Every structure is written in structure tokens, then in C-alpha cells.
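Hi there,

I am passing along the structure we talked about, with some notes on what turned up in it. Have a look at it first, and then read on.

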Amino acid sequence: MFVYFLQSAIFNFQSLLTVILLLICTCAYIRALAPSLLDKNKTGFLGIFWKCARIGMLFCMGSKHLENVCLCV
């Protein structure tokens with residue numbers, strides 16, 4: 001029982017996919033509202049959020065069935 005308590009999203013594959021998808025969708029949403037927030041940080045540690053936003057924008061434009069992907073995860 002105690003071992004199950006220590007399991008986090010990093011060690012559970014489904015939770016890890018959910019966290020990554022949530023990060024990508026959140027960054028894409030923030031970039032859609034205020035592009036200057038993410039566009040000024042394209043390199044470095046904060047560049048991860050810009051890259052997630054780009055992936056999210058490309059993913060949303062390329063996939064017409066985004067909600068089906070979200071339901072599968």
C-alpha cells in the first residue's frame with residue numbers, strides 16, 4: 001500500500017501522457033491569447049513552453065478530431 005502511494009505521474013505512463021498533453025494544450029491556449037508571452041522566450045529553459053505551444057498549434061491544425069485523442073488518453 002505504501003509503495004502505491006509513492007508512485008507519481010513520472011512512473012505511471014498514462015498519467016505521464018496526460019500531464020504532457022495538458023502542458024501542450026495549456027501552452028497552445030496561452031499562445032493563442034497572448035502570443036508575446038511565449039514568443040519572446042524561444043531558447044533556454046522557458047523555450048520548452050514555446051515548443052509545447054508550437055506542437056499544440058500544429059497538432060490542433062492538423063487534427064480535426066482533437067477531442068477523440070484527449071478521450072483516448
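How much accessible surface does the protein have, and what share of it belongs to carbon and sulfur atoms? The surface comes to about 5,900 Å², and carbon and sulfur atoms hold 73% of it. Areas here come from the Shrake-Rupley method with a 1.4 Å probe, and for residues only the protein chains shown count as cover.

Some ground rules before the details. This is a predicted model, in which local features need pLDDT of at least 70 and side-chain atom pairs count only at pLDDT 80 or more, while totals for chains, interfaces and linings use all residues. Residues are numbered from 1 along each chain as its sequence is written, and side-chain values use heavy atoms, leaving out hydrogens and water.

On confidence, the mean pLDDT (the predictor's confidence in each residue, from 0 to 100) is 75, and 66% of the residues reach 70 or more. Helix α2 has the highest mean among the elements, 85, and helix α1 (residues 2–6) the lowest, 51. Where pLDDT is low, the predicted coordinates should not be read in detail.

The fold has 5 helices and 0 strands; both are DSSP runs numbered from the N terminus (helices H or I, at least four residues; strands E, at least two). Of the 73 residues, 16% are buried, meaning under 20% relative accessible area, with exposed being over 50% and partly exposed in between.

Now the inside. The largest nonpolar core (buried Ala, Val, Leu, Ile, Met, Phe, Trp, Tyr and Cys joined through side-chain atoms within 4.5 Å) has 6 residues: Ile24, Cys27, Leu38, Trp50, Cys52 and Ala53. Helices α2 and α4 (47–62) each supply at least two of them, and α4 gives the most, 3 residues. Leaving aside residues up to four places away in sequence, Ile24 is in contact (heavy atoms within 4.5 Å) with Cys52, Ile55 and Gly56.

Arg31 may catch your eye too. This residue of helix α2 counts as buried because its relative accessibility is 18%. With the same sequence neighbours left out, Arg31 touches Leu38, Asp39, Trp50, Ala53 and Met57.

Helix α2 also has an outward side: Leu33 lies in this helix and counts as exposed because its relative accessibility is 61%.

Happy to talk any of this over.

Best wishes

How values were computed: Buried < 20%, exposed > 50% of the residue type's maximum accessible area, 1.4 Å probe, protein only.
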